[in-house]
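Thanks for coming. I have two topics today, a pocket and some salt bridges. Please have the structure open while I talk.

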Amino acid sequence: MLQTEAIQARRGGFTRRKFIKGVVAAGATASVSGYLFRGSGIFAPMLTAQGAVERLVTLTVNGQQRRVDVPKYETLAMTLRYQLGLTGTKLGCDRAECGACTVLLDGVTHYGCSILTHSVQGREVTTIEGLEQDGELHPVQQAVMDEGGFQCAFCAPGFAMSMVGMLEKNPNPTREEAAVLLSGNLCRCGDYDKILNTAMRAAELSRSRA
Amino acid sequence: MAVMRDMIPPFELYQPTEVDDAVRLMRQHGDKGWVLAGGLDTFDWFKDRIKRPEAVIDLVGVEELRGISDGADGGLDIGAMTSLTDVAENADVMNRYPLLAEAAGLVATPQIRNQGTLGGNIVQDTRCWYYRSGWPCYRAGGNVCYAATSQSMNREHCIMGASRCVAVSPSDTAPALVALDAEMVVASTSGERTWAAADFFIGPDIDIERMTVLKPGDLLARIVLPAPWEGARWYFEKVRDRKAWDFSLVSVASSLRVEAGMIQDARIVVNSVAPYPVRLRAVESAIRGRAPSEETGQMAGEIAVEGARTLRHNDYKVALMRNLVKRSIRDAA
Ligand SMILES: Cc1cc2nc3c(=O)[nH]c(=O)nc-3n(C[C@H](O)[C@H](O)[C@H](O)COP(=O)(O)OP(=O)(O)OC[C@H]3O[C@@H](n4cnc5c(N)ncnc54)[C@H](O)[C@@H]3O)c2cc1C
Ligand code: FES
Ligand code: FES
């Protein structure tokens with residue numbers, strides 16, 4: 001549902017903007033109502049108010065500068081998935097509860113579903129697609145391969161990003177410490193035991209590479 | 001749990017870099033404006049389309065609101081935009097005010113603590129699910145409380161301090177700050193004003209639509225931890241259904257000054273039992289001059305729950321509160 005509506009909204013963008021221009025030209029006040037937005041497709045407050053941010057932003061994602069036209073109310077996970085095509089970042093709950101959307105901002109884990117894209121300008125965004133370096137898997141990715149630690153694996157990219165964040169904080173965690181550091185991620189298949197095996201393996205691999 | 005909707009309805013977005021500009025924008029937009037810190041309380045409201053501000057004032061770029069520094073009169077100043085992780089892991093907070101470090105470190109999950117701010121954690125709205133699901137209750141401007149009927153699901157609701165509304169304060173840092181006599185510095189276009197933490201949180205008898213004294217246009221700028229409670233004995237315990245990720249069912253925070261084996265002064269604060277963190281003044285005066293023992297704790301627990309009024313599903317909170325208050329005195333270290 002999320003996906004199709006986001007895509008529809010984007011596809012409709014052009015006609016909508018034309019429609020809005022018409023409204024403005026006719027001198028009517030455009031109502032910024034969510035229900036209207038959903039049904040009739042009125043898009044964003046059309047004229048940028050004085051001092052407000054511009055829609056065009058420059059993001060640093062996986063080491064690359066990306067210029068994107070982002071609605072002001074869009075979350076980072078939406079921008080990554082539907083504007084930049086980085087679909088490794090998943091949307092599970094969209095409510096800061098499950099961790100499927102976990103990305104790194106300046107090396108620290110955040111829920112991509114619960115931060116505005118406009119709020120991350122000037123920060124280094126790292127997604128699961130950015131872990132591999134010059135064809136070499138990140139120790140966390142290698143550990144996932146070694147341990148086969150997921151079932152459906154929908155939660156895997158989010159867990160992997162949390163494991164990277166975990167290693168940053170504590171390169172040598174006990175199993176209990178790892179469980180606490182990964183407690184912001186949920187696995188619907190309940191595969192926690194193997195996920196913790198993966199985390200411990202990742203720590204081991206990362207220490208041996210260092 | 002909230003019904004999943006699609007996208008957040010549009011709003012105009014401002015990203016000021018100075019407090020002066022932020023408060024000017026807040027004043028300009030009044031109750032049609034919304035202050036955005038980490039967003040972890042905010043986005044549920046927006047996604048559910050229950051709160052629909054016209055303008056969002058994002059504080060992410062206001063550097064002076066971030067960081068921890070020595071206070072003018074000793075103590076410690078913490079900017080409202082400081083992340084909960086930074087509060088929990090800061091060496092000064094850990095060494096001098098471990099009670100606050102502990103409370104901040106028990107909030108939600110690592111990701112939420114990395115992004116959520118101390119200010120946002122203090123100012124966050126209640127989690128009563130009738131209210132948060134958009135039911136037109138007293139707190140939402142209606143004329144009924146859906147959580148207090150004979151059919152209601154009210155296991156998480158309050159046992160004291162109710163006035164029509166029975167929702168509880170969900171913040172983990174709030175009781176710790178009250179137990180440290182923290183001060184809240186509030187900025188607006190008319191200057192700064194300081195509130196004692198114990199007065200900052202308000203109940204529905206004072207204003208049923210707000211959890212704190214903040215009105216539209218008021219910005220919580222920083223939290224001042226005063227010197228007197230630095231290094232005191234302390235205790236914090238948060239009881240919840242899961243060992244991670246969850247809001248408290250009942251929590252307790254205490255600061256104790258003990259000399260020659262006797263309690264000289266104390267702050268005992270319980271949260272998630274009322275619409276605001278409850279400072280137990282009667283307990284504090286009853287335990288002064290006594291040893292922090294099992295007996296004193298027992299007596300304190302009994303005094304603490306006097307006058308509690310339970311709802312259909314939450315009588316367990318009385319026993320929980322009694323025991324937590326006992327431990328907060330007996331086990332403070
Ligand atoms: C899954 C989940 C679990 C959670 N578990 C817990 C828990 O266990 N314990 C707990 O305490 N909390 C918990 N929370 C709540 C969360 O910790 C708080 O919502 C968070 O700390 C709020 O901080 P924020 O910076 O993200 O706030 P925001 O959402 O940005 O702001 C919260 C509110 O405060 C206002 N505000 C923010 N900063 C200021 C300011 N400086 N001046 C004036 N107004 C301001 C905003 O306008 C908004 O109304 C949980 C949340 C989620 C989603
Ligand atoms: S999708 Fe972000 S936490 Fe679930
Ligand atoms: S493996 Fe299926 S959700 Fe985790």
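I will go through the pocket, then the salt bridges.

Please keep in mind that this is a predicted model.

Let me start with the second largest pocket. It holds about 790 Å³ of space. What lines it? The lining of the second largest pocket comes to 32 residues. Those nearest the centre are Ala179(A), Val180(A), Leu181(A), Ser183(A) and Ala244(B). By class, 18 of the lining residues are nonpolar, six are polar and eight are charged.

If you prefer to look at helices, chain A brings helix H6 (156-169), helix H7 (175-181) and helix H8 (192-209). Chain B brings helix H3 (84-89), helix H5 (98-105) and helix H6 (110-115). Each of these helices gives the lining at least two residues.

Now the salt bridges. How many salt bridges are there over all chains? The search of the whole structure finds 35. I will show three pairs and a network.

The first slide has Lys72(A) and Glu12(B), whose side chains form a salt bridge at 2.7 Å, N to O. Lys72(A) sits in the loop between strand E2 (64-69) and helix H4 (76-83) of chain A, while Glu12(B) is in strand E1 (residues 12-14) of chain B, so this pair joins two chains. Are these two residues buried or exposed? Both Lys72(A) and Glu12(B) are buried.

Next is a pair within chain A. Asp106(A) and Arg123(A) meet in a salt bridge at 3.9 Å, N to O. Asp106(A) is in the loop between strand E3 (102-105) and strand E4 (108-111), and Arg123(A) is in the loop between E4 and strand E5 (124-126), so the bridge ties together parts 17 residues apart in sequence. Asp106(A) is partly exposed, at 48% relative accessible area. Arg123(A) is partly exposed as well, at 23%.

The last pair is in chain B. Asp172(B) and Lys238(B) form a salt bridge, with their closest N and O atoms 2.7 Å apart. This one links distant parts of the chain: Asp172(B) lies in the loop between helix H8 (129-132) and helix H9 (173-179), and Lys238(B) in strand E9 (residues 233-239), 66 residues apart. Asp172(B) has a relative accessibility of 4%, so it counts as buried. Lys238(B) is buried too, with a relative accessible area of 11%.

Finally, the network. Arg95(A), Asp41(B), Asp44(B), Asp48(B), Arg127(B) and Arg132(B) are joined into one network by salt bridges that share partners.

Note on methods
Residues numbered from 1 in each chain as written. Chains lettered and ligands numbered in written order. Predicted model: local features only at pLDDT ≥ 70, side-chain atom pairs only at ≥ 80, totals over all residues. Heavy atoms only, no water. 1 Å grid on protein atoms, 1.4 Å probe; cavity = no way out; pocket = protein on both sides within 12 Å on 5 of 7 lines; lining within 4 Å. Points joined across faces, edges and corners; volume = space filled by probe spheres on them. Helix = DSSP H or I, 4+ residues; strand = E, 2+ residues; numbered from the N terminus. Nonpolar A, V, L, I, M, F, W, Y, C, P; charged D, E, K, R; others polar. Salt bridge = Lys/Arg side-chain N within 4 Å of Asp/Glu carboxyl O. Buried < 20%, exposed > 50% of the residue type's maximum accessible area, 1.4 Å probe, protein only.
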